[in-house]
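Some labels in a structure description rest on cut-offs. The questions below ask what stands behind each label.

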Amino acid sequence: MLKRKMNEETKINKVPVTFLGIETSCDETAAAVVRRDADGRGKILSNVVHSQINEHSAYGGVVPEIAARAHVEVLDMMIAEALDRANVGLAGLDGIAVTAGPGLIGGLLVGLTTAKTLALVHDKPFIALNHLEAHALTVGLSHGLQPPYLLLLVSGGHTQTLIVKGVGSYERLGTTLDDALGEAFDKTAKLLGLDYPGGPEVERWAARGDAERFSLPRPMKGREELHFSFAGLKTALRQQAKSIEPLDDQDISDLCASFERAVTETVSDRVVRAMSAYLERTGHDAPRHLVVAGGVAANKSLRSALQENAAAAGFDICIPPSELCTDNGAMIAWAGIERYSQGWIDGFEFEAKARWPLDPDAQAAMGAGVKA
Ligand code: KG4
Ligand code: ZN
């Protein structure tokens with residue numbers, strides 16, 4: 001395990017704090033400059049994102065080698081643009097933060113090497129971040145919300161409920177045993193011949209569909225343990241689609257609507273249980289905030305179901321705007337500021353990690369493979 005250095009001087013005084021954040025863990029190349037002012041609130045000075053959707057769409061998913069090459073091609077320009085838009089030179093930064101994992105190793109190496117080089121040459125503090133921690137702390141930037149809170153993280157690579165206790169302190173409640181939720185949307189879209197990324201496409205088609213037409217399973221619903229599973233749902237959908245081939249537009253819409261309904265009910269059930277688990281572990285007088293982050297948080301049916309569930313349990317729901325829910329550099333810069341302000345700085349020996357659970361003490365979920 002690599003050592004992290006505590007930096008007592010910075011822990012106390014430095015305001016405002018301005019960081020560059022770099023993100024290359026998956027298929028978005030992103031750079032941003034964020035400043036935290038004396039009142040503790042964050043201000044996004046720039047936030048530029050280059051999505052590689054076009055490069056990957058023909059394959060129905062992210063191709064790691066293509067992703068890494070695409071990051072190499074654009075990252076320097078993205079950083080220059082982020083600094084330019086923020087009207088901040090490298091000399092004006094208090095530090096540089098970068099995603100060091102989890103993610104696709106080729107992309108991570110591109111971001112990490114660039115960030116280390118800039119920090120070394122310009123003599124700036126360097127922070128190597130867990131991408132999931134950045135998602136987890138984004139509400140501090142968007143809403144000024146500080147821990148503790150319950151987090152539902154639903155993206156293309158992760159589906160987890162976590163208690164965010166403080167910066168660097170996370171307790172995982174549930175994780176997926178197989179596919180991540182966004183991945184389930186993407187695979188469903190691919191099966192039905194829809195575009196990538198599949199989530200927004202499935203949502204669009206579902207809007208014209210009959211959610212009652214196909215009876216699909218609600219995996220894990222009612223189970224005591226807090227995990228998720230989506231592989232069975234995807235298989236059931238494939239079987240039902242095959243049984244009515246060839247599909248017309250209405251069939252596709254009905255399949256999408258039925259899928260979205262099944263997902264929404266399943267996730268709702270898991271989150272209701274997670275809210276109880278949060279109160280049991282944190283205390284019934286703990287602040288009741290449910291934070292939803294990750295690309296799938298853009299889904300309107302899911303959002304409104306979660307809103308109802310939260311209200312019924314006396315929780316506020318807090319969802320960052322969609323440009324901060326999907327992968328971006330601002331969340332990296334912000335999480336870098338949070339860590340730096342608490343006295344953390346990383347050494348240049350820090351290596352990229354394809355797998356990096358936020359809660360190292362969480363028990364491996366049966367069958368969860370690398371996604372736990
Ligand atoms: O957080 P994100 O941008 O990237 C990852 O870190 O994975 O999430 C991308 C995922 C994709 O799987 C995409 O299909 C899904 O979020 N997604 C949606 C919606 N918008 C994006 N899923 C369902 N409904 C949406 N509206
Ligand atoms: Zn992400």
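Q: Which residue stands opposite Leu-152 in β8?
A: Leu-152 faces Thr-161 of that strand. The model is a predicted one.

Q: What makes β7 and β8 a pair, and in which sense do they run?
A: Two strands count as paired if at least two bridges are found between them. Strand β7 (residues 149–154) and strand β8 (residues 159–166) share 6 bridges, so the criterion of at least two is met. Their sense is antiparallel.

Q: Why are β9 and β11 called edge strands?
A: The sheet is open and has 5 strands, in the order β9-β8-β7-β10-β11, with mixed pairing. β9 (169–175) and β11 (316–318) each pair on one side only, and that makes them the edges. On average, neighbouring strands in this sheet are turned by 25° against each other, direction ignored.

Q: Which helix lies across β7, β8, β9, β10 and β11?
A: Helix α5 (residues 131–142) does, and its angle to β7 is about 125°.

Q: How do you know that His-131, His-135 and Asp-327 are donors of the zinc ion (ligand 2)?
A: For this metal, a donor is an N, O or S atom within 2.8 Å. NE2 of His-131, NE2 of His-135 and OD of Asp-327 lie 2.1 Å from the zinc ion, so they qualify. The spacing of the donor residues in sequence is H-x3-H-x191-D. His-131 sits in helix α5 and Asp-327 in the loop between α11 (322–325) and α12 (330–341), so this pair ties together parts 196 residues apart in sequence.

Q: Why is the site of the zinc ion (ligand 2) called irregular?
A: The angles among its 4 donor atoms run from 90 to 145°. Tetrahedral would require all angles to lie between 85 and 135 degrees. The upper value of 145° falls outside that range. The site is therefore not tetrahedral, and it is classed as irregular.

Q: What makes Asp-179 and Lys-234 a salt bridge?
A: The limit is 4 Å between a side-chain nitrogen of Lys or Arg and a carboxyl oxygen of Asp or Glu. In this pair the closest N and O atoms are 2.8 Å apart, so it counts. Asp-179 lies in the loop between β9 and α6 (181–191) and Lys-234 in helix α8 (residues 231–243), so the bridge ties together parts 55 residues apart in sequence. Both Asp-179 and Lys-234 are buried.

Q: How do you know that Glu-203 and Lys-300 form a salt bridge?
A: Their closest N and O atoms are 3.8 Å apart, and the limit is 4 Å, so the pair is included. Glu-203 is in helix α7 (residues 198–206) and Lys-300 in helix α10 (residues 300–312), 97 residues apart.

Q: Why does Glu-203 count as buried or exposed, and what is Lys-300 called?
A: Buried means under 20% relative accessible area, and exposed means over 50%. Glu-203 has 16%, so it is buried. Lys-300 has 59%, so it is exposed.

Q: What are the corresponding labels for Arg-213 and Asp-251?
A: Arg-213, at 36%, falls between the two cut-offs and is therefore partly exposed. Asp-251 has 9% and is therefore buried. These two residues form a salt bridge, with the closest N and O atoms 2.9 Å apart.

Definitions and conventions:
Residues numbered from 1 in each chain as written. Chains lettered and ligands numbered in written order. Predicted model: local features only at pLDDT ≥ 70, side-chain atom pairs only at ≥ 80, totals over all residues. Heavy atoms only, no water. Helix = DSSP H or I, 4+ residues; strand = E, 2+ residues; numbered from the N terminus. Axes fitted to C-alpha atoms, helices over the stretch in contact; angles between N-to-C directions. Contact = heavy atoms within 4.5 Å. Donors = N, O, S within 2.8 Å, 3.2 Å for Na, K, Ca; no water. Tetrahedral: all angles 85-135°; square planar, octahedral: opposite > 155°, others 65-115°. Buried < 20%, exposed > 50% of the residue type's maximum accessible area, 1.4 Å probe, protein only.
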